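Each term used for a structure rests on a cut-off. The questions below ask what stands behind each term.

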Amino acid sequence: MKGGGSKVKVKGRDLTFILIVLVCTTIIMLSWERTPVLLSASLLPAKDLFLSFLPSIQFAEISPNLTDMEKKDKVVFTEAAGEEDQTAEKAPSLREAAQGDPNHSLNMTSQGAVDQNTSVVGDKQVCNYGKGKWVRDDNVTLYSGFDCKQWLAPGWACRTMPRTDFSYEMLRWQPKDCQLQRFNGDEFLKRMQGKTIAFVGDSLGGEQFQSLMCMITGGSESNDVLDVGAEYGFTIPEHGRVVRNENGRPDGWAYRFTTTNTTVLHHWSACLCDLEPIVTEDPNKRHHYYAMHLDRPPSFLRENLHRIHVLVMNTAYHWTRQKLIRNRWVMHVGGIRKTNETLRTLGEAKNFTIHSVVGWVNSQLQENPQLQAFYRSISPRHFSGGDWNTGGSCDNTTPRYVGKEVVEAVSSDHVSRSAVQGTGVKLLDITSLSSVRDEGHISRYSLTAKPGVQDCLHWCLPGVPDTWNEILVAQIK
């Protein structure tokens, strides 16, 4: 009897242990389904989530052929509004989605996230600019690609290229639940009197900057605009050509409209982090490499944030191994170099940097009450059949999504959305509405086009970036 009683107690303890394990496993599985990330990380405040990985952060290379949105964070298209999203593996391409009924909707909904696209005034919800459709409007063009030569780079003015179909210019973005007011340059300058709007990012940020300059002036030559680049430490153009710094890129441009003392500028910062020359003892190798401080904002922002009223940041397509090698960038975190042995993914490094700079800007908002800060979501590429250097193309030149709604509660750019969540930095969400404009790229019509090489990243101007600016202006208080 004694032995039998002991055996029963052992089974009872085993049963209790098994029950505990089953309960814990169930809880973990349910939590994982809702938030498939490190569960311990979910206990951290949003702004500290990525900073918590600083001591042991690891990065490495991934294939540069796909964007974040084309990988795990892929935009998902379905043929009817309200239909559940398919998995990334089953998601049809843009080309396939275009073959459906144009009256159906493009459902780009991301589940379980906070809506960062909605403009709010007081307690009243005003507009989600990410929802809507492209509609034809023969009067939509705000400037001419022929005439805006003072601000528009020849490489982006598709009217001066061999392209013959310009129907992409005749589309206007119509948000689902509100009106997007037509841009007026004079009214914009009055609203921005005595203020500065700054675009800080890569060449797509430069396109948005040039677009805004053309929109304000209507593409006409203007004599009341001063070049004030020297005030911001930008390299001054000489003999009509931009002097490039030793890193091979222009520092930026800054222009001031004298009638309203409004300044519009673009600072080139492809990686959106601080680049510092690495000085060696060998005088022949001084400044040969650059420390790419992933946890530091660009020095331009640290030095000039106090005089910026509207800030628009972006980074995306320079996070490839080839770009890092060509630019001689060496990644650093906490002032310490990250070697190849400690790298995991360049995508992770980029995402960490986005969170880092957004977090820093957010920390500066209280000291800079004049500042309205935006992070612009990723601009989609439309390469089909390869990448830019492997035969990829975007040959479609006529709009095929007219009247087809884009319906999403939140941005399809998960990284940008999570970076601004919980901060005072607002998301300028342009990803999904741009995803359905595959015909708006420069394509094979570039002035410097080579056989087999197309530009399915940059946009024709006037074009899609004009809408980015209209949505930006609508959200400026």
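The turns below set values against definitions.

This is a predicted model, in which local features need pLDDT of at least 70, side-chain atom pairs count only at pLDDT 80 or more, and totals for chains, interfaces and linings use all residues. Residues are numbered from 1 along each chain as its sequence is written, and side-chain values use heavy atoms, with hydrogens and water left out.

Q: What is the average pLDDT of the protein?
A: The average is 77, and 68% of the residues score at least 70; pLDDT is the predictor's confidence in each residue, from 0 to 100. Over residues 1-10 the pLDDT is below 50, and this stretch has zero contacts beyond near neighbours in sequence. Residues 28-115 are also below 50, but with 163 such contacts in the model. Where pLDDT is low, the predicted coordinates should not be read in detail.

Q: Why is H266 called buried?
A: Buried means under 20% relative accessible area (exposed is over 50%, partly exposed in between; 1.4 Å probe, protein chains only). H266 has 2%, so the residue counts as buried. H266 sits in strand 9 (residues 262-268); strands are DSSP runs of E with at least two residues, helices runs of H or I with at least four, both numbered from the N terminus.

Q: What makes the approach of the H266 side chain to G206 a polar contact?
A: A polar contact is a pair of N or O atoms within 3.5 Å; within protein, one must be able to donate a hydrogen and the other to accept it, and residues adjacent in sequence count only if both atoms are side-chain atoms. The side chain of H266 reaches the backbone nitrogen of G206 at 3.4 Å. A polar atom of that side chain also lies 3.3 Å from the backbone oxygen of D202.

Q: Is T320 buried or exposed?
A: T320 is buried, because its relative accessible area is 12%. T320 lies in the loop between strand 12 (310-313) and helix 6 (321-327). A polar atom of its side chain is 3.1 Å from the backbone nitrogen of K323.

Q: Which residues does the lining of the largest cavity hold, by class?
A: Eight are nonpolar, three polar and five charged. Nonpolar covers Ala, Val, Leu, Ile, Met, Phe, Trp, Tyr, Cys and Pro; charged covers Asp, Glu, Lys and Arg; the others, Gly among them, are polar. Helix 10 gives the largest share of this lining, four residues.

Notes: Contact = heavy atoms within 4.5 Å.
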